[in-house]
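I opened this model to look up its ligand sites, its salt bridges and a few residues in the interior. The entries below follow the order in which I looked.

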Amino acid sequence: MAQNEFWQGNKAIAMGAIAAGCRFFGGYPITPSTEVMEVMSEELPKLGGKFVQMEDEIGGIAATLGASIAGKKAMTASSGPGISLKQELLGYGYIAEIPMVLADIQRGGPSTGLPTKVSQADVMQAKWGTHGDHATIAYAPCSIPECYSLTIKAFNMAERFRQPVLVMADEVIGHMREKITIPEAGSFEVIDRKKPTVSPEEFVPYRADADDVPPMPAFGDGYRWHVTGLTTTEWGFPTNDAPDIDLKANRIIRKVERFRDEIVEYREDFMEDAEIVVISYGSVSRSSLRAIRELREQGVKVGHFRPITLWPFPDKEIAEISKRVKHIIVPELNAGQMVLEVERAVKGNCEVHRKNLINGELYKPAEIMSFIKEVA
Amino acid sequence: MPREDVKKLLRTKFMPHIWCPGCGHGIIMHSILRAISDLNIPQDKVCISSGIGCSSRMPGYIDACTLHTAHGRSLAFATGVKLANPELTIVNVMGDGDGTAIGGNHFIHACRRNIGITAVLMNNNIYGMTGGQASPTTPEGAFAATAPYGSIDPTFDICKLAAGAGATFVARATVANPIMCEQILKKAIEHQKKGFALVEIISFCHTQFGRKNKRSRPTDNIKFLKEHTVLKAQADKMTPEELEGKIVVGEFVNIENAREYTDRYNDVIERAQAQA
Ligand SMILES: Cc1ncc(C[n+]2csc(CCOP(=O)(O)OP(=O)(O)O)c2C)c(N)n1
Ligand code: SF4
């Protein structure tokens, strides 16, 4: 029987993780992400899973990576300064190809900034925060049911592509309470990482299959292999040879980019005849939709496009839209981050209007209505 | 030359190693291999983890489940590995900079949790890999790339630090006595069932520390260590003045009835499941 609950977004993220098979959480408290770890500390041991409160955020992601290497689906969560601290090891997850999920409940910054206030300031940090190149997968839920379902998806993608995946909620989504109908186990897909099919003697740790993803045994499984943050050959040992470096550095990007069309998700509302389009995500998309519904009643031809994956960015889809509309409005709770991607996709086909709010408040529907009216 | 029975534990494919000829770190690796071999721990169930540094390159050379992490973070990674699979025997190796500077916080908290990890701190009193900058164990007055006028920073006593933080096995040896290293390591690895074991092994870096401090050959360093080592039993009878500049070796803490962290976490699981 599907069950109804009235959950907070952070709780839905934790419960979604557990539904995806997460059995390890390592973290450090920071507002507004803390409830994710509190729920995990309560729920994981019931299932024989493990929770550890580490001494800092770096320890939290380190333990998470360690648990994943030892075979558990694992996650950590943080906000603002904590996300900054985790960056070096997030990079480790990309280069060593370790599946894990990072829930980023965004708050205002820089630095300690606005601990209890909403923001969407980590869009670019998620993509470029760690040094070096890699492909990012990041989901932005806009509701409590999505906190649950997109966290499951994040785990699935982390396991499938062997890398960290982000769930980027914001303070409002993380702390808001809303009805959620819990999907029954079995009604959604759960993906587990590929295990090697060859014997330990034949095993080459980082030899990728045709999909560019190498199978991954757990420490203790009988396969002995070396995990390192250094760039390596397919044997997992450090290399300084340009051709070997090329192979590794490009494969960890290619393994995601090849499947871009399968990963990218978005939602369109009132788009059939739209002449003006609002592009927004997370909590802002709720205000936008409210504004758009009212304006539609007044006959304004306005539609909404919501990126669900912030990364990979739905650029192709937005490029198509830009050829048939006059105006795109991008309201964001930052000084202008995703709008850069929108402008890149639009390539001057239509006008792009950036709207930015960085005072810790949420956009009210009336404000978004006025932006639309300005161009209508 | 490695003892015959430990050769199966070596990844010759990954050789030659990066250590300077004569570096003290090789002696520690051989002691660890002998201890693992003597204890008959299946290779597949051994995890060697490390941070970043010359010392931390060790896992690559050992044929086990090996984990070369980020600078200072090895014990935090190892904590996750151990919690996820308590069956694994974990030997976590780190340098003095790695373990007590950037990784100092993880170090004291791994001790505090008493998690079943055997940590080997390879103390060469310097940052070897980055070219000989001062570390938290560079002796006062010694010269380093970042202490051209002699270091004024007080040093850590790593064994006291570990004991104070709650490690339930704490010992020290030097590379001048590899047999003692091996014996202590065996006890420390066996102690893993009861909790966190810290073994500080005084190593040396003749190329970076030695060059600036009149110990530029490996033999100068072995001689120095031999001349300055005092057994704990002897040290207990000496005055602080007599102990000045001496390296006290032996076992400092060995709590036999300690309870290991992943074992204690099973209590949490039991309580949670009873309530559910
Ligand atoms: C975050 C970070 N900071 C600094 C470094 C540079 N670094 C690499 S090794 C090292 C020092 C290693 O010294 P130690 O831990 O004493 O080991 P040794 O090389 O002497 O064996 C440093 C500072 C790094 N790799 N990562
Ligand atoms: S630099 Fe020092 S610590 Fe590093 S390998 Fe050479 S002698 Fe050993």
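**Ligand 1**

I began with the polar contacts of ligand 1 in this predicted model, and noted that a backbone N or O atom of Asp98(B) sits 2.7 Å from one of the ligand's oxygen atoms. I then looked up the cover over the ligand and found that, of the 590 Å² of accessible area that ligand 1 has on its own, the protein covers 77%. Two further contacts went into the notebook: a polar side-chain atom of Ser55(B) is 2.7 Å from an oxygen atom of ligand 1, and a backbone N or O atom of Cys54(B) is 2.8 Å from an oxygen atom of ligand 1.

Which residues are the closest to this ligand? I counted 18 residues around ligand 1, of which Cys54(B), Ser55(B), Asp98(B), Asn124(B) and Gly128(B) are the closest. The surrounding residues come from chains A and B, so I recorded the site as shared between chains. Helix H3 of chain B, residues 96-102, gives the most to this shell, with four residues. By residue class, I noted six nonpolar, nine polar and three charged residues in the shell around ligand 1.

**Ligand 2**

I turned next to ligand 2, whose surroundings include Trp19(B), Cys20(B), Cys23(B) and His25(B), together with Cys205(B), His206(B), Thr207(B) and Gln208(B). Cys54(B), Asn124(B) and Gly128(B) are also among the residues around ligand 2, and I had already entered these three among the closest residues to ligand 1. Helix H7 of chain B, residues 206-212, provides the largest share of the shell around ligand 2, with three residues. The shell around ligand 2 divides into five nonpolar and six polar residues, with no charged ones.

**Two buried residues in chain B**

Is Gln192(B) buried or exposed? I found a relative accessible area of 4% for Gln192(B), which means that it is buried, the cut-off being under 20%. Gln192(B) lies in the loop that runs between helix H6 (178-191) and strand S6 (197-202) of chain B. Leaving aside residues up to four places away in sequence, I listed its contacts as Lys82(B), Leu88(B), Thr89(B), Ile90(B), Gly116(B), Ile117(B), Thr118(B) and Glu260(B).

Cys111(B) belongs to helix H4 of chain B, residues 104-113, and I entered it as buried, at 0% relative accessibility. With residues up to four places away in sequence again not counted, Cys111(B) touches Ala162(B), Ala165(B), Gly166(B), Ala167(B) and Phe196(B). I also looked up Val170(B), which is 59 residues from Cys111(B) along the chain, and found their C-alpha atoms 9.9 Å apart.

**Helix H11 of chain A**

Which residues of helix H11 (315-322) in chain A are buried? I noted Glu317(A), Ile318(A), Ala319(A), Ile321(A) and Ser322(A). The elements of chain A that cover them include helices H9 (260-263) and H12 (338-346), as well as strands S11 (266-269), S12 (276-279), S13 (302-307) and S15 (327-332).

**Salt bridges**

Over all chains, I found 51 salt bridges in the structure. In one of them the side chains of Arg344(A) and Glu341(A) meet, at 2.6 Å from N to O. These two residues are three apart in helix H12 of chain A, so about one helical turn separates them. As a general point, an α-helix has 3.6 residues a turn, so residues three or four places apart point the same way. I recorded Arg344(A) as partly exposed, at 41% relative accessibility, whereas Glu341(A) is buried, at 11%.

A second bridge joins Glu374(A) and Lys355(A), with their closest N and O atoms 3.3 Å apart. This pair links distant parts of the chain, 19 residues apart, with Glu374(A) in helix H13 (365-375) and Lys355(A) in strand S16 (351-356) of chain A. I entered Glu374(A) as exposed, at 55% relative accessibility.

In chain B, I looked up the bridge between Asp5(B) and Arg3(B), whose closest N and O atoms are 2.7 Å apart. Asp5(B) is partly exposed at 29% relative accessibility, and Arg3(B) is partly exposed with a relative accessible area of 29%. My last entry is a network in chain A, in which salt bridges that share partners join Arg260(A), Asp261(A), Asp315(A), Lys316(A), Glu317(A), Glu341(A) and Arg344(A).

Terms used: Residues are numbered from 1 along each chain as its sequence is written. Chains are lettered from A and ligands numbered from 1 in the order in which they are written. This is a predicted model: local features need pLDDT of at least 70, side-chain atom pairs count only at pLDDT 80 or more; totals for chains, interfaces and linings use all residues. Side-chain values use heavy atoms; hydrogens and water are left out. A residue is near a molecule or strand if one of its heavy atoms lies within 4 Å of it. A polar contact is a pair of N or O atoms within 3.5 Å; within protein, one must be able to donate a hydrogen and the other to accept it, and residues adjacent in sequence count only if both atoms are side-chain atoms. Accessible areas come from the Shrake-Rupley method with a 1.4 Å probe; for residues, only the protein chains shown count as cover. Ala, Val, Leu, Ile, Met, Phe, Trp, Tyr, Cys and Pro count as nonpolar, Asp, Glu, Lys and Arg as charged, and the others, Gly among them, as polar. Buried means under 20% relative accessible area, exposed over 50%, partly exposed in between (1.4 Å probe, protein chains only). Contact means heavy atoms within 4.5 Å. A salt bridge is a side-chain nitrogen of Lys or Arg within 4 Å of a carboxyl oxygen of Asp or Glu.
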